[in-house]
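Subject: A structure to look through

Dear colleague,

Here is the structure I promised to hand over, together with some notes on what was found in it. Please open it beside this message and follow the residues as they come up.

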Amino acid sequence: ALQAQDLAQSMRAIGLRTQDCTYSDVEHAMNAWEIIRTRTMRGTLHAVAASDARRMTKFLAPRVLAKSTARAKELELDEDIFAECRELFSKALVWWKQFTRNEMKEVLEDAKILSTEQHGYHILRRLAQEWLICMWPIKEKEQAFVLVDERITDKKFLKWDEALAELT
């Protein structure tokens, strides 16, 4: 995994770490869903090989989610709200296929869910770490989100000790 908050910088970083790789090669790999940007660990975005992302997220996200519980409470984001967001985004993405942060904000506002910068961030982070959404490189010059299971069909899961051994 490689920290990937900034799309262009992360694409350059991947290219620099890969032999005989151009920016276009990295862009192609992202568009082909060989590399994705998601929140596998910590609250920041990481670029990860799509074939590794599901098991990395399953292994690493629970600890991050546990640490974010207090902040979610401060923001009045409880399990009912996260469940509602899961349902809203699942339905919206089946229809739209991808959405930007502004479109996500509209979905939340229509449902009367707070969509401030902090609320939106915590909702998106949680849904990414639950393996519902990940980032699509670009939609109309903005970063966008898609349903992971529509893009990554690798369902391989490892048991906890197998995942730990592979990760280590």
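The model is a predicted one, and a good place to begin is with its aromatic rings, since the structure holds 2 aromatic pairs. In one of them, the rings of Phe89 and Phe99 have their centres 5.1 Å apart, and because their planes stand at 55 degrees, the pair is tilted. These two residues link distant parts of the chain, with Phe89 in helix H5 and Phe99 in strand E4 (residues 99–100), 10 residues apart. Phe99 also forms a tilted pair with Phe145, where the distance is 6.0 Å centre to centre and the angle between the planes is 40 degrees. Phe99 belongs to strand E4 and Phe145 to strand E6, so this pair ties together parts that are 46 residues apart in sequence. Taken together, Phe89, Phe99 and Phe145 form one aromatic cluster.

Are these rings buried or exposed? Phe89 has a relative accessible area of 0% and is therefore buried, as the cut-off for that word is under 20%. Phe99 and Phe145 are both buried as well.

Phe89 leads on to the nonpolar core, because it is among the residues with the most contacts inside the largest one, which has 23 residues; the others named there are Leu108, Ile123, Leu127 and Ile133. Two or more residues of this core come from each of helix H5 (79–96), helix H6 (101–110), helix H7 (117–129), strand E5 (133–139) and strand E6 (142–147), and the largest share, 5 residues, is given by H5. There is also a second, separate core of 15 residues, which includes Ala53, Cys134, Ala144 and Val146. As general background, nonpolar side chains in soluble globular proteins tend to be buried together.

To see one core residue in its surroundings, look at Ile123, which, if its neighbours within four places in sequence are left aside, is in contact with Leu77, Phe82, Cys85, Phe89, Leu108, Ile113 and Leu114. Phe82 has a further partner, as Arg126 lies over the face of its ring, at 4.2 Å from the ring centre.

Finally, please look at Arg37, which is found in strand E2 (residues 35–38) and counts as buried because its relative accessibility is 3%. A polar atom of the Arg37 side chain lies 2.9 Å from the backbone oxygen of Ala4. Not counting residues up to four places away in sequence, Arg37 touches several others, including Asp6, Leu45, His46 and Gln143.

With best wishes

Key. Residues numbered from 1 in each chain as written. Predicted model: local features only at pLDDT ≥ 70, side-chain atom pairs only at ≥ 80, totals over all residues. Heavy atoms only, no water. Core = buried A, V, L, I, M, F, W, Y, C linked by side-chain atoms within 4.5 Å. Buried < 20%, exposed > 50% of the residue type's maximum accessible area, 1.4 Å probe, protein only. Helix = DSSP H or I, 4+ residues; strand = E, 2+ residues; numbered from the N terminus. Contact = heavy atoms within 4.5 Å. Polar contact = N/O pair within 3.5 Å; in protein donor to acceptor, adjacent residues only side chain to side chain. Phe/Tyr/Trp six-rings, centres within 6.5 Å; stacked < 30°, edge-to-face > 60°. Lys NZ or Arg CZ within 6 Å of the ring centre and 35° of its normal.
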